[in-house]
Amino acid sequence: MVLSKTASESDVSVHSTFASRYVRTSLPRFRMGENSIPKEAAYQIINDELMLDGNPRLNLASFVTTWMEPECDKLIMSSINKNYVDMDEYPVTTELQNRCVNMIAHLFNAPLGESEAAVGVGTVGSSEAIMLAGLAFKRKWQNKRRAEGLPVDKPNIVTGANVQVCWEKFARYFEVELKEVKLRDDYFVMDPEKAVEMVDENTICVAAILGSTLNGEFEDVKRLNDLLVQKNNETGWDTPIHVDAASGGFIAPFLYPELEWDFRLPLVKSINVSGHKYGLVYAGIGWVIWRNKEDLPEELIFHINYLGADQPTFTLNFSKGRSSQVIAQYYQLIRLGFEGYRNIMENCRENMIVLREGLEKTGRFKIVSKDEGVPLVAFSLKDNHCHDEFEISDLLRRYGWIVPAYTMPADAQHVTVLRVVIREDFSHTLAERLVNDIQKVLHELDRLPSKLSSNSTIETQEVENNEKSTVTTKKSALETQREITTIWRKFVMDKKKITGVC
């Protein structure tokens with residue numbers, strides 16, 4: 001949570017359980033305690049509260065890595081106390097970051113010479129990477145416009161409505177208009193033709209998504225590049241492309257090596273990728289790579305020397321404990337190599353197929369995700385008039401699964417989907433188990449009254465002139481909702497009594 005809240009229906013104190021062996025008094029919940037407590041008690045109190053968190057490996061909403069090898073865990077813990085920003089103090093960590101940048105740049109087919117170093121930086125996830133790339137585009141556009149004596153007060157970015165929220169943050173924080181290509185039925189990514197139509201002289205870049213958060217689909221970067229080259233030639237502009245490969249950057253090179261989406265396309269000037277997604281590192285590491293030095297304005301790079309030597313820095317924050325994530329990324333790159341990454345991505349795709357086919361066999365779902373893209377399954381009910389995807393998501397939590405349900409952005413907001421992300425730690429067996437649990441949920445929902453029972457007929461006895469009359473009354477939406485809620489609560493309580501499930 002970005003914003004904290006202190007309102008709570010429970011006590012304002014934190015009470016110990018097994019920690020009562022060390023301390024008997026309760027602790028204030030939102031204020032620092034007056035006295036110290038034993039370290040065992042502090043550990044036990046926090047550990048007890050964390051038991052109520054979900055199981056990360058059953059969190060199928062997240063793209064973020066939830067398992068790494070024990071050897072890598074050891075490396076992470078041994079370097080967790082390093083403040084990575086101090087490059088002079090930790091030169092080897094800096095060298096490992098540079099190696100990662102160059103490995104990823106070559107993976108993305110950056111046009112590097114024999115001994116030329118790649119241009120890029122490690123970031124705190126793809127959100128910071130996108131901010132940095134966006135700032136570089138904005139500054140380059142401003143510099144060009146000022147040199148031509150043109151105004152620089154109305155920059156814009158063209159994206160699809162399916163972009164991740166960090167693009168909206170960039171636009172709002174750095175005062176750039178976000179021009180979104182609306183979605184439509186059965187086409188849930190940015191349409192290249194419509195995107196290029198929206199480009200004007202104030203467009204600092206077009207952002208293409210390699211792996212939509214909504215359904216995992218790769219946008220057609222090659223088609224976008226070709227159309228934009230044509231428009232640039234006609235107008236004299238030089239509008240570039242940024243590829244947001246947060247999810248797909250570590251998938252496409254291994255599963256779809258012939259797909260042209262990266263620096264093989266001349267207008268692609270920068271690419272971001274999340275190391276903590278299919279780069280197979282725990283949360284907290286992203287990368288942004290530029291095509292060449294000219295695409296990163298020098299004035300955005302700061303130089304400091306108060307940590308011991310001249311150090312260039314281009315980040316939004318300063319102190320960071322990201323040394324461990326950089327080291328973990330380097331571990332994965334040398335440990336797995338191209339073969340290892342390809343094997344893992346192929347296994348994820350195979351498990352995705354198992355899940356997709358299992359859902360199709362139920363006959364109840366329409367698959368919204370595509371075969372080519374991030375290994376995930378996005379699906380919606382063929383008939384959601386009686387019960388919807390949100391109810392399925394809620395009931396699956398009883399079995400431990402966290403499966404998100406959400407509506408598509410404009411103009412496809414009438415479409416609701418469920419999404420299961422297939423990570424390395426999601427096995428064939430878990431895919432089959434999930435299908436079985438979804439079938440159980442469907443069976444339970446079939447026994448419930450429809451959520452759309454909005455009209456009902458009630459008979460009221462009115463005595464008027466000694467005659468009995470029947471009056472048909474339409475219930476209000478609020479009355480109907482209360483009735484459905486009452487029935488639902490009764491059903492859940494009855495199930496608890498029978499099965500003991502909470």
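1. A strand, as the term is used in this note, is a DSSP run of E covering at least two residues, with numbering from the N terminus. In this predicted model, strand E5 spans residues 177-181, and Glu-180 has its place there. Because its relative accessibility is 22%, Glu-180 counts as partly exposed rather than buried, the limit for buried being under 20%. The C-alpha atom of Glu-180 is separated by 5.0 Å from that of Ala-161, a residue 19 positions away along the chain. If residues up to four places away in sequence are not counted, Glu-180 touches Thr-159, Gly-160, Ala-161, Val-163, Glu-168 and Met-198.

2. Turning to the overall architecture, the secondary structure of the protein comes to twelve helices and 17 strands. The protein has 502 residues, and buried residues make up 46% of them. Among contacts with a separation of 6 or more, 68% are accounted for by residues 24 or more positions apart. The surface that the protein exposes amounts to about 26500 Å², of which carbon and sulfur atoms supply 51%.

3. On the cysteines, a search of the whole structure finds zero disulfides, that is, no pair of cysteine sulfur atoms within 2.5 Å. Two individual cysteines can be placed with respect to the surface: Cys-166 counts as buried because its relative accessibility is 3%, and Cys-205 likewise counts as buried, at 0% relative accessibility.

4. Two helix pairs deserve a closer reading, and for such pairs the description rests on the angle between the axes and the distance between the axes. In one of them, helix H4 (residues 125-147) and helix H5 (residues 165-173) have axes that come within 9 Å and cross at roughly 45°. H4 is therefore oblique to H5, and the crossing of the two helices is right-handed. The contact involves Ser-127, Ile-130, Met-131, Gly-134 and Leu-135 on the H4 side, and Cys-166, Trp-167, Lys-169, Phe-170 and Tyr-173 on the H5 side. Cys-166, which takes part in this contact, is the residue noted above as buried at 3% relative accessibility.

5. In the other pair, helix H2 (residues 70-78) packs with helix H9 (residues 323-362) at an angle of about 150°, and their axes are 8 Å apart. Because angles over 145 degrees are counted as roughly antiparallel, H2 and H9 are described in that way. The crossing in which H2 passes H9 is right-handed. From H2, the residues Glu-71, Cys-72, Leu-75 and Ile-76 meet Ser-324, Ile-327, Ala-328 and Tyr-331 of H9.

6. Helix H9 also contains Arg-349, which counts as partly exposed at 26% relative accessibility. The C-alpha atoms of Arg-349 and Val-374 are separated by 8.3 Å, with their positions 25 residues apart along the chain. Once its neighbours within four places in sequence are left aside, Arg-349 is in contact with Leu-255, Tyr-256 and Pro-375.

7. Ser-247 has its place in the loop between strand E7 (241-244) and helix H8 (252-255), and with a relative accessible area of 3% this loop residue is buried. Ser-247 and Phe-63 are 184 residues apart along the chain, yet their C-alpha atoms are separated by 7.5 Å. Not counting residues up to four places away in sequence, Ser-247 touches Phe-63, Leu-210, Gly-211, Lys-277, Tyr-278 and Val-374. Val-374, touched by Ser-247, is also the residue whose C-alpha atom is separated by 8.3 Å from that of Arg-349.

8. Two polar side chains within helices should be examined in the model as well. Asp-437 lies in helix H11 (residues 428-446) and is buried, with a relative accessible area of 1%; its contacts, leaving aside neighbours within four places in sequence, are with Leu-396, Tyr-399 and Trp-401. Asn-232 is found in helix H7 (residues 221-235) and counts as buried at 7% relative accessibility. With neighbours within four places in sequence again left aside, Asn-232 is in contact with Trp-237, Asp-238, Thr-239 and Leu-267.

Conventions. Residues numbered from 1 in each chain as written. Predicted model: local features only at pLDDT ≥ 70, side-chain atom pairs only at ≥ 80, totals over all residues. Heavy atoms only, no water. Helix = DSSP H or I, 4+ residues; strand = E, 2+ residues; numbered from the N terminus. Buried < 20%, exposed > 50% of the residue type's maximum accessible area, 1.4 Å probe, protein only. Contact = heavy atoms within 4.5 Å. Areas by Shrake-Rupley, 256 points an atom, 1.4 Å probe, with all protein chains shown as cover. Axes fitted to C-alpha atoms, helices over the stretch in contact; angles between N-to-C directions. Parallel < 35°, antiparallel > 145°, perpendicular 65-115°, else oblique. Left-handed = near helix turned anticlockwise from the far one by under 90°.
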